Each structure stands twice: as structure tokens, then as C-alpha cells.
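Here are some notes for a colleague who is meeting this structure for the first time. Please read them with the sequence and the structure open alongside.

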Amino acid sequence: MTLLGTQDLSADSQGIAKAADLLRQGLLVAFPTETVYGLGGDARNGDAVASIYEAKGRPSFNPLIAHVASTETAKRFVEWTDQAELLAQAFWPGPLTLVLPLRSDHGISSLVTAGLDTLAVRVPAHPTARALLAAFDGPVAAPSANPSGQISPTTAAHVRAGLTGRIAAILDDGPCGVGLESTIVGLTGAPALLRPGGVALEQIEEVMQANLHHHQPGDLLTAPGQLQSHYAPDAPVRLNAESCQGDEVLLGFGTVTCDLNLSESSSLPEAAANLFAALHKLNETSRPIAVSPIPNHGLGAAINDRLRRAAAPRD
Ligand code: TXA
Ligand code: MG
């Protein structure tokens with residue numbers, strides 16, 4: 001299908017109703033969440049989900065996260081567990097995704113799960129995402145709204161730059177507050193951290209240790225994931241740089257002299273919120289990017305995960 005254009009919708013009741021309508025028609029809408037902008041399609045509609053992969057230019061069918069309006073809705077699609085209840089009560093709505101066994105009567109397109117018998121579900125906290133999910137009244141599959149392999153979008157302008165002409169509409173509600181994708185916890189076996197993200201591992205550990213007698217510190221730590229190039233600016237990225245070399249621009253953290261600072265006050269939440277916008281901006285200079293060291297605790301773990309992927313050898 002050829003789209004003549006991508007509509008810009010404002011995040012008022014009219015825009016949200018229009019976005020829900022487009023989703024019902026099997027079309028794609030980019031929408032804000034507290035983490036990054038998502039590229040949404042009806043998770044029960046195989047054609048809609050296929051067009052998500054097409055719009056992103058995703059080479060393979062990675063499984064997608066189903067976004068739902070409430071814990072009650074999540075329970076319609078996955079086998080709920082005590083651990084899920086604990087984490088949902090602590091962190092939903094919010095930047096946490098849970099991977100759980102699919103229910104037999106789930107109705108979710110197998111393109112969302114990439115044929116797995118598990119589903120990643122999340123109840124986002126962003127008021128516009130919540131309003132859209134309520135108006136649509138169904139599960140919305142949504143990867144980050146960027147072309148495959150590129151930097152994740154934290155503003156509608158980022159989405160527009162990457163996906164104009166490939167999707168029906170963009171629901172614009174300003175910059176995303178968290179700025180990093182959700183933390184993913186697998187609950188299909190022993191609880192496992194599948195991706196660091198917007199909820200710090202320490203917070204999850206705290207809740208689990210306080211409530212599960214057998215849970216030991218460090219239980220959630222899994223082997224670091226494969227280091228693949230992802231979130232990649234066009235220029236090379238060099239990490240843990242104290243200063244610039246050659247033609248580099250420096251992305252700083254804390255009290256350093258640099259071209260752009262993630263957080264002058266060394267705040268990790270502020271750095272997370274600024275990370276992708278900063279990479280987008282420095283990418284426009286077409287110069288190599290050096291990045292200051294970032295502490296690895298709290299949200300720093302997720303920031304460093306994204307930076308390592310941005311710096312990984314390109315394939
Ligand atoms: O914050 C976020 O999570 C954003 C916003 C839009 O919600 N979404 C996002 O989606 O980051 P995406 O597609 O870029 O990343 C989804 C991740 C992938 O790494 C995928 O492998 C994993 O979730 N995933 C999805 N379903 C899974 C499953 N059944 N088992 C294990 N991992 C799964
Ligand atoms: Mg992504």
C-alpha cells in the first residue's frame with residue numbers, strides 16, 4: 001500500500017480518537033510512551049503487524065511487546081503468576097515489560113510473538129498512551145518507532161525523520177520522560193533480566209527480595225546479551241572517553257567540557273531522558289562521537305547497554 005502522507009495528530013481527544021480509529025483499520029500509528037515513541041499496530045491483526053516490520057525495515061521477525069491499558073487486560077492474554085502480580089503492582093503502569101506464557105485463547109497474531117509461546121506485555125504510564133489504549137480497547141504491538149538499527153525516537157520529530165510516508169499517523173505529545181526503553185523481565189522460568197531499561201535492576205531486586213523468601217541478591221542477573229550493533233548513529237562511537245581525539249565531538253556526563261552534556265549535575269535519570277536525543281543531534285554533525293564514562297548503577301546500566309550497542313562493530 002502506498003501512503004500519500006503521514007498525518008500529524010495532536011494529543012487531544014480528537015487526535016486520540018482518530019489514532020484509535022486508524023489502529024482499528026489495521027493502520028500504523030506512532031504514539032508517545034514514557035520510554036520512547038512506539039510504532040503501534042493492532043496486535044490481533046496479522047496484516048497490521050506485518051506492516052510494522054515492513055515500515056521499520058526489520059530484517060527478521062523479532063518478537064514485539066503488546067501494550068495494554070491495564071493489568072486486567074494483560075491477564076486476558078498471558079498466564080498470570082504471583083511474581084507477575086508482584087512486579088505489576090510495584091511498577092505498572094510504567095517502563096517494565098513482563099514476558100509470560102501465552103494463554104491458549106489469546107488471539108494475538110503469531111507475528112507479534114515470532115511464533116514463541118510467550119508474550120511480552122507492558123502497561124505504559126504515559127497519559128496519551130493510556131488514553132489511546134483505552135480508546136482502542138485492545139492490545140497494541142509496538143516496537144520503538146525508528147527504522148531498524150537506528151537510534152530510538154524520543155520526540156515526534158525523530159519519528160517523522162525516520163518513518164514519514166511509511167505510517168498513517170504520528171500522535172505528538174512532546175519528548176518522552178524516561179528516554180530509554182522498558183526493562184524486560186522474563187517470568188517463564190526463573191525470573192531473568194532480559195533487557196536493562198527504564199526501571200533500574202536494583203528497584204526490581206528490592207521488590208523481589210522483600211516479597212519472595214527464596215529470592216537471592218543477584219538472581220535476576222543474567223549473562224550479558226549478545227553485543228550487536230543497534231541504536232547506531234552513522235558515525236563511529238567511542239566509549240569511556242576522557243577527552244576528544246581528532247575530529248570527535250564529546251558527549252559528556254557531569255562536570256566535563258564537552259559539545260553536549262547528558263547531565264551536568266550527574267543525574268542518571270536526566271542522562272537517560274537526554275540520551276537518544278543527544279545521539280540524534282550529534283549524528284547530524286557527521287563527526288565521530290566520543291562519550292564520557294557513565295556510572296553503571298541504577299539507570300546507568302541501561303544507558304551503558306545502549307551505548308555499547310551504539311559503539312559495537314557494524315554489520
Ligand atoms: O519501552 C519499550 O519497551 C518500547 C516502547 C515503545 O514500549 N518498545 C520497545 O520495543 O522497545 P522493541 O521492539 O524495540 O523491543 C522489544 C524487545 C526486543 O528485544 C524483543 O526481543 C523482546 O522485547 N521481546 C519481545 N517479545 C519477547 C518474548 N516473547 N520473549 C523474549 N523477548 C521478547
Ligand atoms: Mg527498538
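1. This is a predicted model, and a good place to begin is strand S9, residues 183–186, which runs antiparallel to S10 and is joined to S10 by three bridges. Within this pairing, Val-185 stands opposite Leu-193 in S10.

2. Both strands belong to an open sheet of ten strands with mixed pairing, whose order reads S1-S8-S2-S3-S7-S4-S6-S5-S9-S10. Strand S1 (7–10) and strand S10 (192–195) stand at the edges, and because each has a single partner strand, one side of each is left without a neighbour in the sheet.

3. A helix also packs on this sheet: H2, covering residues 46–56, touches strand S3 (38–42) and strand S7 (140–141), and the direction of H2 makes about 155 degrees with that of S3.

4. Which aromatic rings pair in this model? A search of the whole structure finds one aromatic pair, formed by Trp-80 and Trp-92, with ring centres 5.9 Å apart. Their planes lie at 40 degrees, a value between the limits of 30 degrees for stacked and 60 for edge-to-face, and so the pair is described as tilted.

5. The two partners are twelve residues apart and the pair links distant parts of the chain, since Trp-80 sits in the loop between helix H3 (71–77) and helix H4 (82–91), while Trp-92 sits in the loop between H4 and strand S5 (96–101).

6. Is each of these residues buried or exposed? Trp-80 has a relative accessible area of 22% and is therefore partly exposed, whereas Trp-92, at 9% relative accessibility, counts as buried, the cut-off for buried being under 20%.

Notes: Residues are numbered from 1 along each chain as its sequence is written. Chains are lettered from A and ligands numbered from 1 in the order in which they are written. This is a predicted model: local features need pLDDT of at least 70, side-chain atom pairs count only at pLDDT 80 or more; totals for chains, interfaces and linings use all residues. Side-chain values use heavy atoms; hydrogens and water are left out. Two strands pair if DSSP finds at least two bridges between them. Helices (H or I, at least four residues) and strands (E, at least two) are DSSP runs, numbered from the N terminus. Contact means heavy atoms within 4.5 Å. Axes are lines fitted to C-alpha atoms, for helices over the stretch in contact, and angles run from 0 to 180 degrees between N-to-C directions. Rings of Phe, Tyr and Trp (its six-membered ring) pair if their centres lie within 6.5 Å; planes under 30 degrees apart count as stacked, over 60 as edge-to-face and the rest as tilted. Buried means under 20% relative accessible area, exposed over 50%, partly exposed in between (1.4 Å probe, protein chains only).
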